[in-house]
Amino acid sequence: MARFEATTSVDGRRADVVLSGECDLSAREDCMEALMSAVRAAPAVVVDLAGLTFLDSSGVHALVTAHRAAVEGGGWLSVVNAGGMVAHVLDITGVGGLLRAQDGARDG
């Protein structure tokens with residue numbers, strides 16, 4: 001079983017979600033719950049992928065689903081710090097462009 005962790009912090013109108021480890025089918029429910037909880041908690045959601053070493057279609061689906069929920073609620077969700085294989089997956093699927101950082105997403 002792949003190791004996966006998601007931690008969320010909310011500060012006012014912004015939720016920061018840090019994903020780490022491997023986001024695959026075995027982590028699908030944990031990833032989806034973390035992202036959707038963040039979307040429900042704040043209109044602005046920043047997902048930090050620096051610690052993510054693997055991302056498959058399950059994780060891509062969770063990111064897109066949470067993004068759509070955020071937009072439907074009048075907010076946004078973006079990803080930052082994707083690297084290596086994770087950045088490659090986001091780029092070849094077109095999701096990287098969809099979830100590019102919003103103004104203020106990189107501000108701590």
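Start with helix α2 of this predicted model and show what packs over its buried residues: the cover includes β2 (14–23), α1 (28–41), β3 (44–55), β4 (76–80), α3 (84–93) and α4 (95–98). Colour those elements separately and keep α2 in a neutral shade.

**Helix α2**

Select residues 57–72, the 16 residues of α2. The C-alpha atoms at the two ends are 22 Å apart, and since 1.5 Å a residue also gives 22 Å, the span agrees with expectation. Now show side chains for the buried positions: Ser-58, Gly-59, Val-60, Ala-62, Leu-63, Val-64, Ala-66, His-67 and Ala-70. Look down the helix axis while they are displayed. An α-helix has 3.6 residues a turn, so residues three or four places apart point the same way.

Stay in α2 and pick Ser-58. Is Ser-58 buried or exposed? Its relative accessibility is 11%, and because the buried class takes everything under 20%, Ser-58 counts as buried. Beyond its neighbours within four places in sequence, Ser-58 is in contact with Asp-24, Leu-25 and Arg-28.

Move along α2 to Ala-69. With a relative accessible area of 22%, Ala-69 is partly exposed. Which residues does Ala-69 touch, not counting those up to four places away in sequence? They are Met-36 and Val-39. For a distance label, join the C-alpha atoms of Ala-69 and Arg-40: they are separated by 8.8 Å, with their positions 29 residues apart along the chain.

**Helix α1**

Next select α1, residues 28–41. Its 14 residues should span 20 Å at 1.5 Å a residue, and the end C-alpha atoms are 20 Å apart, so the two values agree. Display Cys-31, Ala-34, Leu-35, Met-36, Ala-38 and Val-39, which are buried in α1. Met-36 and Val-39 are the two residues touched by Ala-69. The elements covering the buried part of α1 include β1 (4–11), β2, β3, α2 and β4.

**Strand β2 and Val-17**

From α1, step to strand β2 and centre on Val-17. Val-17 is buried, with a relative accessible area of 0%. Leaving out residues up to four places away in sequence, Val-17 touches Thr-7, Thr-8, Ala-34, Leu-35, Ala-38, Val-45, Val-46, Val-47 and Asp-48. Ala-34, Leu-35 and Ala-38 are among the buried residues of α1. Then label the C-alpha pair Val-17 and Ala-6: 11 residues apart in sequence, 6.7 Å apart in space.

**After α4: Leu-99**

Go to the segment after α4 and select Leu-99. Buried or exposed? Leu-99 is buried, at a relative accessible area of 0%. Apart from its neighbours within four places in sequence, Leu-99 is in contact with Leu-63, His-67, Leu-77, Ser-78 and Val-79. Leu-63 and His-67 are among the buried residues of α2, while β4 covers residues 76–80. The C-alpha atoms of Leu-99 and Val-46 are 9.6 Å apart, although 53 residues separate the pair in sequence.

**A loop residue: Asn-81**

Select Asn-81, in the loop between β4 and α3. What is notable about the phi of Asn-81? It is positive, about 65°, although Asn-81 is not a glycine. Most residues other than glycine have a negative phi. At 41% relative accessibility, Asn-81 counts as partly exposed.

**The whole chain**

Zoom out and colour by secondary structure. How many helices and strands does the protein chain have? There are four helices and four strands, and along the sequence they follow the pattern β-β-α-β-α-β-α-α. The radius of gyration is 12 Å, close to the 13 Å that the globule rule gives for 108 residues, so the chain is as compact as a globular protein of that length. A box of roughly 35 × 25 × 25 Å along the principal axes holds the C-alpha atoms.

Switch on a contact display. Of the contacts between residues at least 6 apart in sequence, 70% join residues at least 24 apart.

Finish with a surface coloured by atom type and charge. The chain exposes about 5700 Å², and carbon and sulfur atoms supply 50% of that area. Buried residues make up 43% of the 108 residues. For charge, mark the 8 positive and 14 negative groups: their mean positions are 5 Å apart.

Definitions and conventions: Residues numbered from 1 in each chain as written. Predicted model: local features only at pLDDT ≥ 70, side-chain atom pairs only at ≥ 80, totals over all residues. Heavy atoms only, no water. Rg over C-alpha atoms; globule rule 2.2 N^0.38 Å. Buried < 20%, exposed > 50% of the residue type's maximum accessible area, 1.4 Å probe, protein only. Contact = heavy atoms within 4.5 Å. Areas by Shrake-Rupley, 256 points an atom, 1.4 Å probe, with all protein chains shown as cover. Lys, Arg positive; Asp, Glu negative; His and termini not counted. Charge placed at Lys NZ, Arg CZ, Asp CG, Glu CD. Expected span 1.5 Å × (residues − 1).
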